[in-house]
Amino acid sequence: MDILVPIGIGFGSNLIIYLIVLGILKDKKRATSSTVISTILLIVASFIIGRWLGMGLLVISFGMLIAAFFFRVINSLTDSENNAK
């Protein structure tokens with residue numbers, strides 16, 4: 001149960017990143033790409049930092065990765081519905 005807290009923090013932080021970039025750029029594909037980039041940057045930073053802090057950042061990045069996949073799926077579903085009309 002304790003592992004869900006950092007995963008939730010990662011999901012929430014990626015949601016905030018997505019909403020900020022979507023508000024600035026008004027483009028769903030670029031906003032989704034920014035969430036993937038932020039996830040990759042945090043994974044690299046966790047390997048550079050290492051030890052316990054790096055492991056915590058890695059768990060947070062897994063939550064960010066889940067959010068990035070979630071946003072990709074939602075964007076692909078909405079794009080396919082728009083293309084069908």
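**Exercise 1. Find which residues of α1 meet which residues of α2, then describe the packing of the two helices.**

Solution.

Step 1: list the contacts. Asn-14, Ile-17, Tyr-18, Val-21, Leu-22 and Leu-25 are the α1 residues that meet α2. On the α2 side, their partners are Lys-28, Arg-30, Ala-31, Thr-32, Ser-34, Thr-35, Ser-38 and Thr-39. This is a predicted model.

Step 2: sort them by character. The α1–α2 contact holds 6 nonpolar, 6 polar and 2 charged residues.

Step 3: add the geometry. Two packed helices are described by the angle between their axes and the distance between the axes. Helix α1 covers residues 4-25, and its axis comes within 8 Å of the axis of α2. The two cross at roughly 145°. The crossing is right-handed.

**Exercise 2. State how many helices and strands the chain has, and how far its C-alpha trace spans.**

Solution.

Step 1: count the elements. There are 3 helices and 0 strands. Read along the sequence, the pattern is α-α-α.

Step 2: take the dimensions. The C-alpha trace spans about 50 × 25 × 15 Å along its principal axes.

Step 3: check burial. The chain has 85 residues, and 27% of them count as buried.

Step 4: check contact range. Take the contacts with a separation of 6 or more: 64% of them come from residues 24 or more positions apart.

**Exercise 3. Decide how α2 and α3 are oriented relative to each other.**

Solution.

Step 1: locate the helices. α2 runs over residues 28-49 and α3 over residues 51-84.

Step 2: read angle and distance. The pair packs at about 165°, with axes 8 Å apart.

Step 3: apply the cut-off. Angles over 145 degrees count as roughly antiparallel. The angle therefore makes α2 roughly antiparallel to α3.

Step 4: give the handedness and the make-up. The α2–α3 crossing is left-handed. Its contact residues divide into 13 nonpolar, 10 polar and 5 charged.

**Exercise 4. Work out the orientation of α1 and α3, and the character of the residues in their contact.**

Solution.

Step 1: read the geometry. The axes of α1 and α3 come within 7 Å and cross at roughly 50°. That angle therefore makes the two helices oblique to each other. The crossing is right-handed.

Step 2: pick out the contact residues. On α1 they include Ile-7, Gly-10, Phe-11, Asn-14 and Tyr-18. On α3 they include Ile-60, Gly-63, Met-64, Phe-70 and Phe-71.

Step 3: tally the character. The contact of α1 with α3 has 15 nonpolar residues, 5 polar and no charged.

**Exercise 5. Place Ser-61 and Ser-33 in their helices, and decide for each: buried, partly exposed or exposed?**

Solution.

Step 1: take Ser-61. Ser-61 sits in helix α3. Its relative accessibility is 0%. Buried means under 20%, so Ser-61 counts as buried.

Step 2: find the partners of Ser-61. Beyond its neighbours within four places in sequence, Ser-61 contacts Thr-39, Leu-42 and Ile-43.

Step 3: take Ser-33. Ser-33 lies in helix α2. With a relative accessible area of 29%, Ser-33 is partly exposed.

Step 4: relate Ser-33 to Phe-71. The two are 38 residues apart along the chain, and their C-alpha atoms are separated by 9.6 Å.

**Exercise 6. Examine the phi values of Lys-26 and Arg-51, and say where each residue is found.**

Solution.

Step 1: recall the norm. Most residues other than glycine have a negative phi.

Step 2: take Lys-26. Its phi is positive, about 60°, although the residue is not a glycine. Lys-26 is in the loop between α1 and α2. Lys-26 is exposed, at 66% relative accessible area.

Step 3: take Arg-51. Its phi is also positive, near 55°. Arg-51 is found in helix α3. Arg-51 counts as exposed, at 78% relative accessibility.

**Exercise 7. Find where in the chain confidence is lowest and where it is highest.**

Solution.

Step 1: take the whole chain. The average pLDDT is 91, and 99% of the residues score at least 70.

Step 2: look by element. Confidence is lowest in α3, at a mean of 89. Confidence is highest in α1, at 94.

Step 3: keep the rule in mind. Where pLDDT is low, the predicted coordinates should not be read in detail.

Notes. Residues numbered from 1 in each chain as written. Predicted model: local features only at pLDDT ≥ 70, side-chain atom pairs only at ≥ 80, totals over all residues. Heavy atoms only, no water. Axes fitted to C-alpha atoms, helices over the stretch in contact; angles between N-to-C directions. Helix = DSSP H or I, 4+ residues; strand = E, 2+ residues; numbered from the N terminus. Parallel < 35°, antiparallel > 145°, perpendicular 65-115°, else oblique. Left-handed = near helix turned anticlockwise from the far one by under 90°. Nonpolar A, V, L, I, M, F, W, Y, C, P; charged D, E, K, R; others polar. Contact = heavy atoms within 4.5 Å. pLDDT = per-residue confidence, 0-100. Buried < 20%, exposed > 50% of the residue type's maximum accessible area, 1.4 Å probe, protein only.
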